[in-house]
Amino acid sequence: MGRNVVAMILAGGKGTRLHALTKKIAKPAVYFGGKYRIIDFSLSNVANSSIDSVGVLTQYESVVLNNYIGNGSKWGFDGVDSTCVALAPRQTETGANWYKGTADAIYQNIDFLDGEDPQYVLILSGDHIYKTSYDQMLQLHVKSKADCTISVLEVDIKEASRFGILEVDSTDTITKFVEKPKEPKSNLASMGVYVFTYKVLRQALVEDAKDEKSEHDFGKNIIPKMLSQNKKLVAYRFKGYWRDVGTLDSLHQANMELLPSQRSEETINFDETPKIYSEDTNSFPEYIGAKAVVKDCLINQGATIFGTCTKSVISNEVIIEEGATVSKSVLMPGVVIKKGAYVENAILGPNTVIKEKEVINKDSGKIVLLDYERNLQ
Amino acid sequence: MKNVVALVNLHNSPSCGLLTEKRPLASTTVLGRYAFIDFALSNLTNSGIDDIGIMIKDHSRSVIKHMRSDNTYLKNSKTGYLNYMINEEGIHNPFYNTDLNNIAQNDYFLYDQDCKYVLICPVGIVYKVNYAEIIREHIKSGKLFSVVYSKVDNAGKDYFGLNKITVNALGNVQKIDQVDPKDKEALIGLKTYICNSSALKGAFPRLKNISNVFTLDDLMLYIQRYSDVDIHAIEFKGQVSYVNSLKKYYDISMRFKNLLINENGEDVFTNEWKIYTRTHDTRPVYYGENSNVKDSIVANGCTINGTVKNCILARNVTVEEGAVVENSIIFSDSVIKKGVHLKGVVADKLTTFVNKNEVIAEKDELIYIPQGETI
């Protein structure tokens, strides 16, 4: 008996706009919120939707990400009949190919999907920050007897030209899809989250693979082609917090939105179940020193704070020494801020060391990134 | 170490009064993140031992709930083995519900051909030890039984309730006595025994005919006094903490807090010797704009907007704006409402402090608040 739903998470992107953060790891493996990696959100959402089979499509710098995904136990996918597998490009009888696009990544793993034999396939991006259950979207897909359901976000019409925009009729059936339109006629932006009826998806992928002119991309090729074939595509209106952290500014901003002073009904609520799951680092408990000043911060276990820390997100194994000041910054695991140093509006990559009395980005107002090799962006 | 089976002995854990009334010390929280059994199990994991039996005396739900998954402590959940040992026949009879009878009821490992040595270790005695070295010394001694001891200079004050031993020139146990409250310097037995599996197996038929051997401690005393079998004595030279009262629990917790930032990583906390525990998937700590936290340990899931000084806060504790918590240990899911002032308090799980209450202990005293109370 096949499965009802299999989730496929696209996690192969390079994330070039995150500069040194993605020099050796894929964007979905970048640290976020003091404790998490970006992909934890998608994988936790899948787990919390009672979907127990997931393939994670990795490509660029996949070693860390593949290792992190492991057998999926961090998100509970190691239970009976559960599957969590990293699917990197591989050599086949016809040769070895990189994934040429989002659709090609799924096509190259069609044997995985055939093996799972699902009724529906949920396709997600591994680099989005949001907390949801896909239950309602799946229910809508089944109820409306759609071939494909696309999760959409209502965006400011002025911003719409940055997104893939959907036009719908009065029943939210999709009538048109335009990738980054110059003059958008709708504010419904595709989130890159799709539910497909697998038989329809399979046929579309096979046809697309034979099309030499195709870029093998869901937004550019698969969706428009299905519309042209009069398939039924439906929009699912997502309500809630959702962020694409593709740039240093957006990554910094999304981290800052987690701070106590920024919390609202709009932002992610970690305290409400279901939870976002992540790796337990076996860190020692976090310690706040006798002379430390900590205000409006999110700090993970394993951190040790002796200095001043305000409006910042601090990861495990970070040390802020006495007399050092960290403000409006995101410190990834293993960062050390030596005595008397000052850091402002910065993202510090894993294991970066700021020397004694060194000043990073004071009063510039811009967000900077510094990594352990001292590359500054 | 595939030829060793380790038994974590929850039968001889001391009582800490109300703190351990409804749970064993093994699953009692420590440092906001761990339970005491984590230290014993992490010693085993870090020593390469992954065939483990947990000898449960009572309150099994609390222990099993904490343990949750084999994967927390075992390097390999297929080749490793974590087994809960309960004395099902004697669990309702305190005279019969002893560690020795627990082994007799769950003696599966004694018939395991791979099991050459049995290591029995305590929970109430916290120390960081590489058991691989201890077992090597036991094998090298050629003896059938060994006991691990520590040389201390404050036996009566800090280790009352344990046994003291004397060691002869050959390195074997010459005498076993109970620690006297007046004792100063002494060699303290750490309730840690290494037995050749065959010798332990052979002892059981003989025990049926002996009326005053109920526990492992009794067995060792009997062997030392009435048999011609030597018990080898193996010295442990690091720091040993014995938790046998609420006050000791508090003092040791605060000492551990200070050890966390000791650059020498004295004894318990070093990066090379991880302490494993189950994850609760709690978020990092929120420190609000009015938080004022000094010299404290704060576990994930907490939300702090008040003043916290010299404290240990476990998971999901909330300290509201204007609340002051000093010199206290607050267990998980507790709430300190606005205007409350706590000093010298050990508050168990799910306690709530409201109405600007002041709960302040006398100097050197502690106030314990039971689980679930609203004050």
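Start by selecting Val8(B) in this predicted model. Leaving out residues up to four places away in sequence, Val8(B) touches Ile37(B), Ala40(B), Leu41(B), Ile52(B), Ile54(B), Met55(B), Cys121(B) and Val123(B). Colour those and you'll be looking into the largest nonpolar core, which has 232 residues; Val8(B) and Leu313(B) are the ones with the most contacts inside it. The element that gives the most to this core is strand 13 of chain A, residues 188-197, with seven residues. As a general point, nonpolar side chains in soluble globular proteins tend to be buried together.

Next, stay in chain A and pick helix 6, residues 198-210. Is its length what you'd expect, and what is the number to compare? At 1.5 Å a residue, its 13 residues should span 18 Å, and the end C-alpha atoms are 19 Å apart, which agrees. Now show the side chains of Tyr198(A), Leu201(A), Ala204(A), Leu205(A) and Asp208(A), which are buried. Turn the view until you look down the axis of helix 6: the buried residues fall within an arc of 125°, so they line one face of the helix. Over on the other side, Lys199(A), Val206(A) and Lys210(A) are exposed. To see what covers the buried residues, switch on neighbours including helix 3 (102-107), helix 4 (110-116), strand 8 (120-125), strand 13 and helix 7 (218-228) of chain A.

While you're in chain A, jump to Ile69(A), which sits in helix 2, residues 62-69. Is Ile69(A) buried or exposed? It counts as buried, because it has 28 C-beta neighbours inside 10 Å, and the cut-off for buried is 20 or more. Setting aside neighbours within four places in sequence, Ile69(A) is in contact with Val56(A), Cys84(A) and Ala86(A). Try a distance label too: the C-alpha atoms of Ile69(A) and Val85(A) are separated by 7.5 Å, though the two are 16 residues apart along the chain.

Now for a sheet. Select strands 17, 20, 23, 26 and 29 of chain A, which form an open sheet of five strands in just that order, with parallel pairing. The edges are strand 17 (293-295) and strand 29 (359-360); each has a single partner strand, so one side of each is left without a neighbour in the sheet. Zoom in on strand 20 (residues 308-310) and strand 23 (residues 325-327) of chain A, which pair over three bridges. Thr308(A) has Thr325(A) as its bridge partner there.

Then show both chains and look at where they meet. Here 27 residues of chain B are in contact with 27 residues of chain A. On the chain B side, strand 14 (285-287), strand 15 (292-294) and strand 16 (296-298) are the elements giving two or more residues. That side divides into 13 nonpolar, seven polar and seven charged residues. Strand 14 of chain B also runs antiparallel to strand 18 of chain A (residues 297-299), joined by three bridges. Find Cys297(A) and you'll see Tyr287(B) opposite.

Last stop: strand 9 of chain B, residues 163-167, and its antiparallel partner strand 10, residues 173-178, joined by five bridges. Thr166(B) is bridged to Lys175(B). The two strands make a hairpin with five residues between them, and Gly171(B) in the turn has a positive phi of about 85°. Strand 9 also pairs with strand 11 of chain B (residues 186-196), antiparallel over two bridges, where Lys164(B) has Ile188(B) as its bridge partner.

How values were computed:
Residues are numbered from 1 along each chain as its sequence is written. Chains are lettered from A and ligands numbered from 1 in the order in which they are written. This is a predicted model: local features need pLDDT of at least 70, side-chain atom pairs count only at pLDDT 80 or more; totals for chains, interfaces and linings use all residues. Two strands pair if DSSP finds at least two bridges between them. Helices (H or I, at least four residues) and strands (E, at least two) are DSSP runs, numbered from the N terminus. A nonpolar core is a set of buried Ala, Val, Leu, Ile, Met, Phe, Trp, Tyr and Cys residues joined through C-beta atoms within 7 Å. A residue is buried if 20 or more other C-beta atoms lie within 10 Å of its own, exposed if 12 or fewer, and partly exposed in between; C-beta atoms are placed from the backbone. Two residues are in contact if their C-beta atoms, placed from the backbone, lie within 7 Å. The expected span of a helix is 1.5 Å times one less than its number of residues. The arc is that of the directions from the helix axis to the C-beta atoms. Ala, Val, Leu, Ile, Met, Phe, Trp, Tyr, Cys and Pro count as nonpolar, Asp, Glu, Lys and Arg as charged, and the others, Gly among them, as polar.
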